[in-house]
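Here's a walk through the assembly, one part at a time. Have the viewer open and follow along.

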Amino acid sequence: MKAESKTEAAAIGTEPAAVAGETLEVRGLCRSFGDHKAVDDVSFTLPPGGSLGIVGESGSGKTTTIRMVVGLDTPDAGSIALGGRERGRKPRGRAERLARAREIQMVFQDPYLSLDPRITVRDCIDEVLRLHGDHADKAGRDARVEELLDQVGLGEREAGALPKRLSGGQRQRVAIARALAAGPRVLILDEAVAALDVSIQAQILDLLGRIRREQGIGYLFVSHDLAVVRHITDDVVVLRNGRVVEEGRTTDVLSRPQHPYTRLLIDSVPGPGWDPDRIAESRRALAAVEGG
Amino acid sequence: MTAATATAAAPTRRGATARLRGIAAQGPLFTGAVVVLVLLTLMAIFAPLIAPYDPNAIDLGNSLAGSSADHLLGTDQSGRDVLSRLIFGARTGLLGPLLVVVISTVIGIALGIVAAWRGGWVDSFLSRTMDAMFAFPAMLLAILCVAMFDAGLTAPVIAMTVAYSPYVGRYVRSVAVQEKARPYIESYRVQGWSGWVICTKHLLPNIVPSVLAQSTINFGYALMELAGLSFLGFGVQPPTADWGTMVNEGQSAIMKDAFMPGLAPCFAIIVAVVAFGIVGEGISDRVAKREK
Amino acid sequence: MALLEIDNLSIALAKGAARPILDEISLTVEAGEVVGLVGESGSGKSVACRTVLGLTPEHAKTGGEVRVGDNDVLSMDRAALKQLRAKQVAMVFQDPRASVNPMRRVGDFLTEGMRAAGVSKEKAYARAEELLTEVGIRDPKGALKRFPHQFSGGMLQRVVIAAALTGDPSLLLADEPTTALDVTTQAEVIGILRRLQAEHGTGMLFVTHDLELAAAICHRVYVMYAGRIVETRTAEQLFAAPRHPYTAGLLASTPSLEEDAEPPRPIPGRPVSLAENPPGCAFAARCAFAEDRCRVETPVLKADDGGAVACLRADEGILA
């Protein structure tokens, strides 16, 4: 365990001491597209090594929010800071761009579209190491690639393959390894298990849980699936129409929801004993709140 | 850098035999069209070796001779061997469109990708400029160019390049906009790569096949339009053998019941244009299949 | 007599596949019954469902029978298939946007089938309005004049369900009808489907990858793996006491919202692709209970009390 983290620090060139103890603070985030307020005054905090679920349906603003956090979009207002370093505005120059990339990485939803079809698994991870590593020697990078692939449960056979030879679950493992290669402190998982078969989804959730325990990386877990969120996050924020309607410890929010929308979301999750009448009632309760 | 060259080399190594098998698998029509294009190219390159006569050797005593063992396709009004002129005509016939397609593809790719990647006002400016260029009739432009430069291959090629570049540019822009939104491109942005690297190493190679398909079809159109200009007298000047000028000269022969001098080049143009069309469609079918 | 009876249906691609897409599957749907067909990607559940409409993959070899009423769908000619689709069987697909012509008004979409069957324009529109009311669309008159892009995904899926009901079918096929929808919308659409099904006495074959969803609305469930049916029983029984290790594994790997639920436990390995054809039980490679004979001998579906299971070791109490 100790040896592993040592090689990691050497290969990546980040200071492991700093990894612990940096909080991601998002305050008053706003983003509009034309007249439509996609994200409206969203705030949340991700403690170091924590796991925060961002729950919402389509149009809730969850995707826009994390795109701003990761730097694919720029907020109209508000601040995003990791360890006090503001990252809400566009980066100035290469050094700042790379420094930010080393802080927050992301795994996308669709494993079939998130890898360059022309690049083998090994090269796809090697690229990241070349961009972010201090060590340019091939041998060191090769060892690190192998280590990363091993961490996500992929072997030599997959390393030489092009993405089209891999299953959805394997591709998602590659995407996770690629994100870890930059040595991030925060990993954003954008519906990262939504497109996978149930049995594979559980494998990836298992893997993500282990990585967090071993490496202390913080997770921003974006999902529409409350059952998944319940098992992988400590805290949760519920978004609706661009605003936070409820937040708190995941177990509290899911067992004692305060906002009618959260209750509706929970009631809607299918399962044995699923009751359309109760859902209809929750919907009326929500309409009463939003109407008034 | 070694990793990059290895990936670049891999497809070419797999290339030759696999590619031939791929061509055959596309169906007899596609295979036939590829064979036609290869033969045309060889004909153009080795024209001096293949042609039975000097294409410009005048034999007024033997004008408008029908086909015979000596002159397979007969002779034209000046007694020149039609077959030899047809073979030499493939040189200007293919060289002109080749220049047009290569230059317009390069310019179009540059314009299209910059517009798609930068977006915003850069995109608006480039797109409107391309629209404006597009609105200008190519033939008129060509005639203007001839007036400015001189008759010959240069003027029509410049005119056609100017006319085709915005066409390619608009196509590249639309493909690149789609590609840019794909998660694998976004993940490179998240990793901290510069726009230049992402565009040249990842975005461009992934859209090149579809652009190539479009350019192949353009080749046929350019060939036809350049032949048209020659026919009108704005292109390659007599006595140089060229399919367009040959059709022009053949007109009067038809009045005298000699069809070969006019019809043979017509036939050559049709065969070439159709072959380019089939190959272009075939390539885009393959791209579409790969996308699935 | 069952409404739908699939009898030893096999479908094999002519080339490019090592195993058949469907391998001798049999299932029945009774009138007024909701039957779930559950499986992961590549299990063949969607192919089985589409076969009921006579839609088989191109260049595929089929065997067995698919009987709707008394007639075998696989041996029907075009006219009979058309009749079948217009009168007896209707289908709701996963993506409502892909199954509605975006250039035509919803009214045209809903009435075209009835108009083709010779119903007058006024009657067809009146019926369409009635159906839109049934699926819970407010202002049905206005909705008929609108275009598909003016509806949300959930609303459009309601329109598609209304369209499926225009021919008053006795059998409704639903292929992942809510997978593309949000959770709350899914709940609405499922509620509507179940109510309409009960009111009209329609039989329904509900294809899904989501066991929990199947449990919520189906009377009986068939579980498919690698082109075979591995277990079938009532929804309650299947959840309370699954007898196939794959069913048990699926249940354990589905995360649950229940307060004291275990974290999801993954099934190792991955589903069998069409390019692989392992001998014996297709699930053996991922199964914690597999013995040597499981990798040699192919289990057949054997009836037990209340259902059937295809596992060589089911009687050994391995899951107890």
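Which strands of chain A does helix H8 lie across, and at about what angle does the helix run to S6(A)? Helix H8 (residues 168–181) of chain A lies across S6 and strand S7 (186–190) of chain A. Its direction is about 175° to that of S6(A).

## What kind of model this is

Keep in mind that this is a predicted model. Its overall scores are ipTM 0.86 and pTM 0.85. For chain C, the mean pLDDT is 90, with 100% of the residues reaching 70 or more. As a general caution, where pLDDT is low, the predicted coordinates should not be read in detail.

## The sheet in chain A

Back to the strands under that helix. S6 and S7 belong to an open sheet of 6 strands in chain A, ordered S6-S7-S8-S3-S9-S10, with mixed pairing. Strand S6 (104–107) sits at one edge and strand S10 (243–249) at the other, so to speak, since each of these chain A strands pairs on one side only. From one strand to the next, the twist averages 15°.

Further into the order, strand S3 (residues 51–55) of chain A pairs with strand S9 (residues 235–240) of chain A. That pairing is parallel and runs over 4 bridges. If you want a spot to zoom in on, try Ile54(A): its bridge partner in S9(A) is Val237(A).

## Where chain A meets chain C

Now for the contacts between chains. There are 2 pairs of chains in contact, and chains A and C share the most contacts. Here 31 residues of chain A are in contact with 30 residues of chain C. On the chain A side, the elements giving two or more residues are helix H9 (198–215), helix H10 (226–232), helix H11 (250–255), helix H12 (260–268) and helix H13 (276–291). H9(A) gives the most, with 7 residues. Sorted by class, this side of chain A comes to 17 nonpolar, 10 polar and 4 charged residues.

## Where chain A meets chain B

Chain A also touches chain B: 25 residues of chain A are in contact with 17 residues of chain B. The elements of chain A that give two or more residues to this side are helix H4 (93–103), S6 and helix H5 (121–132). So the edge strand S6(A) turns up again, as one of the elements on the side that touches chain B. The largest share, 5 residues, comes from H4(A). By class, this side of chain A has 13 nonpolar, 3 polar and 9 charged residues.

What about chains B and C? These two do not touch, and their nearest C-alpha atoms are 14 Å apart.

## Chain B on its own

Chain B has 11 helices and 0 strands. Its C-alpha trace spans about 75 × 45 × 30 Å along the principal axes. Of its 292 residues, 41% count as buried. Among the contacts in chain B with a separation of 6 or more, 66% are between residues 24 or more positions apart.

## Chain C and its annotation

For chain C there's a database record to go with the model. An unreviewed UniProt entry places the feature "domain: ABC transporter" at residues 4–251 of chain C. Over that stretch, the chain is 40% helix and 25% strand. The C-alpha atoms at its two ends are 27 Å apart.

Methods. Residues numbered from 1 in each chain as written. Chains lettered and ligands numbered in written order. Predicted model: local features only at pLDDT ≥ 70, side-chain atom pairs only at ≥ 80, totals over all residues. Contact = placed C-beta atoms within 7 Å. Nonpolar A, V, L, I, M, F, W, Y, C, P; charged D, E, K, R; others polar. UniProt positions renumbered as here; feature names shortened; annotations may be inferred. pLDDT = per-residue confidence, 0-100. Pairing = 2+ DSSP bridges. Axes fitted to C-alpha atoms, helices over the stretch in contact; angles between N-to-C directions. Buried ≥ 20, exposed ≤ 12 C-beta atoms within 10 Å, placed from the backbone.
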